[in-house]
Amino acid sequence: MTGSEFFSRFPELYPFLLKQLETVANTVDSDTGELNCHPSMFLLLLVLGRLYPSPMDGTCSALGMAPFIPFIMRDKVEETVISALEP
């Protein structure tokens, strides 16, 4: 399912998931630089991992996947995303 389709069906989840992802991405331990395991991290990443971008992202709706990318690409979050999505 595309992100646009998912968020069109559940528009209230868009700002919620974006805020949660920002919170997770900002939970880096200042001493070790490691990402702390935020309680909602894996559920959040599993939901986002099942969505894919639409070729129409950003043209028909403001509910595109682009705002999520900077938080996923940040430091250790990317490694956590990969481990969360492995079978």
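Me: I'm looking at the start of the chain. Where is Thr-2 found?

Reply: Thr-2 is in the segment before helix 1, and that helix covers residues 3-9. Keep in mind that this is a predicted model, and the values I quote are computed from it.

Me: Is Thr-2 buried or exposed?

Reply: Look at the relative accessible area: under 20% counts as buried. Thr-2 comes out at 14%, so it is buried.

Me: Then what is Thr-2 in contact with, once I leave aside its neighbours within four places in sequence?

Reply: Three residues turn up: Leu-51, Tyr-52 and Ser-54. There is also something closer by in the sequence to look at: the side chain of Thr-2 reaches the backbone nitrogen of Glu-5 at 3.0 Å.

Me: Let's stay with Glu-5. Which residue does Glu-5 form a salt bridge with?

Reply: The general idea is that side chains of opposite charge can pair when their charged atoms come close. Here the partner of Glu-5 is Arg-9, and their closest N and O atoms are 2.7 Å apart. Both residues lie in helix 1, four residues apart, or about one turn of the helix. As for cover, Glu-5 has 33% relative accessibility, so it counts as partly exposed.

Me: How many salt bridges does the structure hold?

Reply: Just one, so you've now met it.

Me: Stepping back a bit, how many helices and strands are there in the chain?

Reply: Five helices and zero strands. Read from the N terminus, the elements go α-α-α-α-α.

Me: Now the rings. How many aromatic pairs does the structure hold?

Reply: Five. To read a pair, check the distance between ring centres and the angle between the planes; an angle over 60 degrees counts as edge-to-face. Take Phe-7 and Tyr-14: their centres are 4.9 Å apart and their planes meet at 90 degrees, an edge-to-face pair. Both of these residues are buried.

Me: Why is the pair of Tyr-14 and Phe-68 edge-to-face?

Reply: Because the planes of the two rings stand at 90 degrees, with the centres 5.5 Å apart. The pair also ties together parts that are 54 residues apart in sequence, because Tyr-14 lies in helix 2 (residues 13-25) while Phe-68 lies in the loop between helix 3 (41-49) and helix 4 (69-72). Tyr-14 is buried, at 9% relative accessible area, and Phe-68 is buried too, at 1%.

Me: Which residues form one aromatic cluster?

Reply: Phe-6, Phe-7, Phe-10, Tyr-14 and Phe-68.

Me: Next, the nonpolar core. Which residues of the largest one touch the most other members?

Reply: That core has 16 residues, and the ones with the most such contacts are Phe-7, Leu-17, Leu-21, Leu-44, Leu-48, Leu-51 and Phe-68. Helix 1, helix 2 and helix 3 are the elements that give two or more residues to this core. Helix 2 gives the most, with five residues.

Me: Could we zoom in on one of them? What does Leu-17 touch, not counting residues up to four places away in sequence?

Reply: Leu-17 touches Phe-6, Phe-7, Leu-44, Val-47 and Phe-68.

Me: And the whole chain: what share of its 87 residues is buried?

Reply: Buried residues make up 31%. The chain exposes about 5,500 Å², and carbon and sulfur atoms supply 62% of that area. For contacts, take those between residues at least 6 apart in sequence: 63% of them join residues at least 24 apart.

How values were computed: Residues are numbered from 1 along each chain as its sequence is written. This is a predicted model: local features need pLDDT of at least 70, side-chain atom pairs count only at pLDDT 80 or more; totals for chains, interfaces and linings use all residues. Side-chain values use heavy atoms; hydrogens and water are left out. Buried means under 20% relative accessible area, exposed over 50%, partly exposed in between (1.4 Å probe, protein chains only). A polar contact is a pair of N or O atoms within 3.5 Å; within protein, one must be able to donate a hydrogen and the other to accept it, and residues adjacent in sequence count only if both atoms are side-chain atoms. Contact means heavy atoms within 4.5 Å. Rings of Phe, Tyr and Trp (its six-membered ring) pair if their centres lie within 6.5 Å; planes under 30 degrees apart count as stacked, over 60 as edge-to-face and the rest as tilted. A nonpolar core is a set of buried Ala, Val, Leu, Ile, Met, Phe, Trp, Tyr and Cys residues joined through side-chain atoms within 4.5 Å. A salt bridge is a side-chain nitrogen of Lys or Arg within 4 Å of a carboxyl oxygen of Asp or Glu. Accessible areas come from the Shrake-Rupley method with a 1.4 Å probe; for residues, only the protein chains shown count as cover.
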